[in-house]
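Trainee: I would like to learn how to read the features of a model such as this one, going from the backbone to the side chains. Could we take them one at a time?

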Amino acid sequence: MRLIGLLLGLWTLSVTSAGDYGFRIRQASLAREGELTLLSAVIDYRFSPALIDALRHGVPLVLTVDACIHRPRRGLWDETLWCRALDFRLQYYPLAQVYRVVDETHRFQRSFPRLDAALAALGRLEAIALPPPQPRFPRRGYATVRVRLNIERLPWALRPQAYFSPDWFLRSKRYRWPLDG
């Protein structure tokens, strides 16, 4: 019984200490423009000290933004009609003292002198082109967007720690909104 109490106490401590950092989507939208679907979003990134330390030691961090379209249905789960993942890599180059943000999906990169500037740029997604859902948005559908640290893209030595530590296992809640048919 004491062991269970100790484990619950440690878990509570780790969850409450994780309150200073995390990812939060403040706004998101999908729009059709010709043959493209355009994603726009505003995301707040607050990295844990462990992530910042790893980044400053040259470990690249990949953030994955998942955009999906769903249709409600009776039963346990709604139907996922369309889903696309966008990968953004953030890396620090100590010799040049520069942070580089790479949009791996569209092969576009930018450099920043400070981490806060790089995170601000990562958090502003403006009309990112995605392949369209076929044939179009459903009439009774909704869209979701979520962002997460892609643990599978970390170096092997960091993955076990990342899976079990709240400092590393960072993801946002799903941001959901209704679609116009």
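Mentor: Let us begin with the vocabulary: helices (H or I, at least four residues) and strands (E, at least two) are DSSP runs, numbered from the N terminus. Please keep in mind throughout that this is a predicted model.

Trainee: With those labels in hand, where does phenylalanine 169 lie?

Mentor: Phenylalanine 169 is placed in the loop between helix H4 (159-164) and strand E9 (175-178). With a relative accessible area of 37%, phenylalanine 169 is partly exposed, and together with Tyr163 and Phe164 it forms a nonpolar patch on the surface, the three having about 370 Å² of accessible area together.

Trainee: How should I think about nonpolar side chains in general, and which residues touch the most other members of the largest nonpolar core?

Mentor: The general idea is that in soluble globular proteins nonpolar side chains tend to be buried together. Here the largest nonpolar core has 47 residues, and those touching the most other members are Leu39, Tyr45, Phe47, Leu61, Val65, Leu90 and Trp168. Valine 65 is a useful one to follow: once its neighbours within four places in sequence are left aside, its contacts include Leu39, Ile43 and Tyr45, then Ala85, Leu86 and Phe88, and also Leu125, Val145 and Val147. Two arginines, Arg84 and Arg146, are on the contact list of valine 65 as well.

Trainee: How many disulfides does a search of the whole structure find, and which cysteines are joined?

Mentor: The search finds one disulfide. Its partners are cysteine 68 and cysteine 83, with an S to S distance of 1.9 Å, which lies within the 2.5 Å cut-off used to call such a pair. Because cysteine 68 sits in strand E3 (residues 61-71) and cysteine 83 in strand E4 (residues 79-93), the pair ties together parts that are 15 residues apart in sequence.

Trainee: Is cysteine 68 buried or exposed, and what is the relative accessibility of cysteine 83?

Mentor: Cysteine 68 counts as buried, at 4% relative accessibility, whereas cysteine 83, at 37%, counts as partly exposed.

Trainee: Turning to charged side chains, how many salt bridges does the structure hold, and which residue forms one with aspartate 44?

Mentor: There are ten salt bridges in the structure. Aspartate 44 pairs with arginine 26, and the closest N and O atoms are 3.3 Å apart. This pair links distant parts of the chain, since aspartate 44 belongs to strand E2 (residues 36-46) and arginine 26 to strand E1 (residues 22-33), 18 residues apart. Both partners are partly exposed, aspartate 44 at 24% relative accessibility and arginine 26 with a relative accessible area of 46%.

Trainee: What should I look for around arginine 153, and with which residues does it form salt bridges?

Mentor: One bridge of arginine 153 is to aspartate 87, where the closest N and O atoms are 3.7 Å apart. Arginine 153 lies in the loop between strand E8 (142-149) and H4, and aspartate 87 in strand E4, so the pair ties together parts that are 66 residues apart in sequence. Another bridge joins arginine 153 to glutamate 104, with the closest N and O atoms 2.9 Å apart; here the link runs from the loop between E8 and H4 to the loop between E5 and strand E6 (108-112), 49 residues apart. Salt bridges that share partners join Asp87, Arg89, Glu104 and Arg153 into one network. Arginine 153 counts as partly exposed at 37% relative accessibility, and glutamate 104 is partly exposed with a relative accessible area of 23%.

Trainee: Finally, how do I read a backbone angle, and what is the phi of glutamine 97?

Mentor: As a general guide, most residues other than glycine have a negative phi. Glutamine 97, however, has a positive phi near 50 degrees without being a glycine. Glutamine 97 is found in the loop between E4 and strand E5 (98-103) and is exposed, with a relative accessible area of 55%. Alanine 127, also not a glycine, has a positive phi of about 50 degrees, but alanine 127 is located in strand E7 (residues 124-130) and is partly exposed, with a relative accessible area of 44%.

Notes:
Residues are numbered from 1 along each chain as its sequence is written. This is a predicted model: local features need pLDDT of at least 70, side-chain atom pairs count only at pLDDT 80 or more; totals for chains, interfaces and linings use all residues. Side-chain values use heavy atoms; hydrogens and water are left out. Buried means under 20% relative accessible area, exposed over 50%, partly exposed in between (1.4 Å probe, protein chains only). A nonpolar core is a set of buried Ala, Val, Leu, Ile, Met, Phe, Trp, Tyr and Cys residues joined through side-chain atoms within 4.5 Å. Contact means heavy atoms within 4.5 Å. Patches are made of residues with over 30% relative accessible area and no salt bridge: like charges are joined within 9 Å, nonpolar side chains (Val, Leu, Ile, Met, Phe, Trp, Tyr) within 5 Å. Accessible areas come from the Shrake-Rupley method with a 1.4 Å probe; for residues, only the protein chains shown count as cover. A salt bridge is a side-chain nitrogen of Lys or Arg within 4 Å of a carboxyl oxygen of Asp or Glu.
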